[in-house]
Amino acid sequence: MTSPLSNRRRSKTPPPGETGQEGLYLRSLSDRQVTVTLKLRDGETVRGWIEYFDDTMVRLTRENQPNLFIYKHQIRTISEAGRRKTVRLTDTAVVSRGAGS
């Protein structure tokens, strides 16, 4: 006679390799334009925000540098670095007045 606990342990299946959450997470990062740091398998680190992704690659948009298309199999980790700053015209506008004003 086996105990109910041992039956429960045997009936568990291992977790699936794909949870389906990757796409949701990447979509969230893209929609919020979160700055991310990608550590690649060769040790290189790149920083930017994810503008586009599909099943095999990610497009990383960077400021003042070329945008990158990176194959997902080359990515070791993705870390959130913070929210991307959006520049608004009212934030940077300088009101200049002439000498006669």
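Asn64 is exposed in this predicted model, with a relative accessible area of 83%. The residue sits in the loop between strands β3 (57-61) and β4 (68-71). Its backbone also deserves a look: although Asn64 is not a glycine, its phi is positive, at about 60 degrees. Most residues other than glycine have a negative phi.

A second residue invites the same kind of inspection. Gln33, likewise a residue other than glycine, has a positive phi, near 50 degrees. Where along the chain does Gln33 lie? Its place is the loop between helix α2 and strand β1 (34-40), and it comes just after α2. Is Gln33 buried, partly exposed or exposed? With a relative accessible area of 24%, Gln33 is partly exposed; the buried class would require a value under 20%. Asn64, by contrast, is exposed at 83%, and the cut-off for that class is over 50%.

Helix α2, which ends just before Gln33, spans residues 21-32 and so contains 12 residues. From its first C-alpha to its last, the helix reaches 17 Å, close to the 16 Å expected at 1.5 Å a residue. Which residues of α2 are buried? They are Leu26, Leu29 and Ser30. Viewed down the axis of α2, these buried residues fall within an arc of 95 degrees, so they line one face of the helix. On the face turned away from that buried side, α2 carries the exposed residues Leu24 and Asp31. A reader following the helix in the structure can therefore look for Leu26, Leu29 and Ser30 along one face, and for Leu24 and Asp31 on the face turned away from it.

The view can now widen to the whole protein chain. It holds 3 helices and 5 strands, and, read along the sequence, these follow the pattern α-α-β-β-β-β-β-α. Helix α2 is thus followed by a strand in this order, and the loop between α2 and β1 is the one that holds Gln33.

How many of the residues count as buried? Of the 101 residues in the protein chain, 21% do, Leu26, Leu29 and Ser30 of α2 being buried residues. The protein chain exposes about 8,300 Å², and carbon and sulfur atoms supply 51% of that area. Contacts give another view of the fold: among those in the protein chain with a separation of 6 or more, 44% involve residues 24 or more positions apart.

Technical notes: Residues are numbered from 1 along each chain as its sequence is written. This is a predicted model: local features need pLDDT of at least 70, side-chain atom pairs count only at pLDDT 80 or more; totals for chains, interfaces and linings use all residues. Side-chain values use heavy atoms; hydrogens and water are left out. Helices (H or I, at least four residues) and strands (E, at least two) are DSSP runs, numbered from the N terminus. Buried means under 20% relative accessible area, exposed over 50%, partly exposed in between (1.4 Å probe, protein chains only). Contact means heavy atoms within 4.5 Å. Accessible areas come from the Shrake-Rupley method with a 1.4 Å probe; for residues, only the protein chains shown count as cover. The expected span of a helix is 1.5 Å times one less than its number of residues. The arc is that of the directions from the helix axis to the C-beta atoms.
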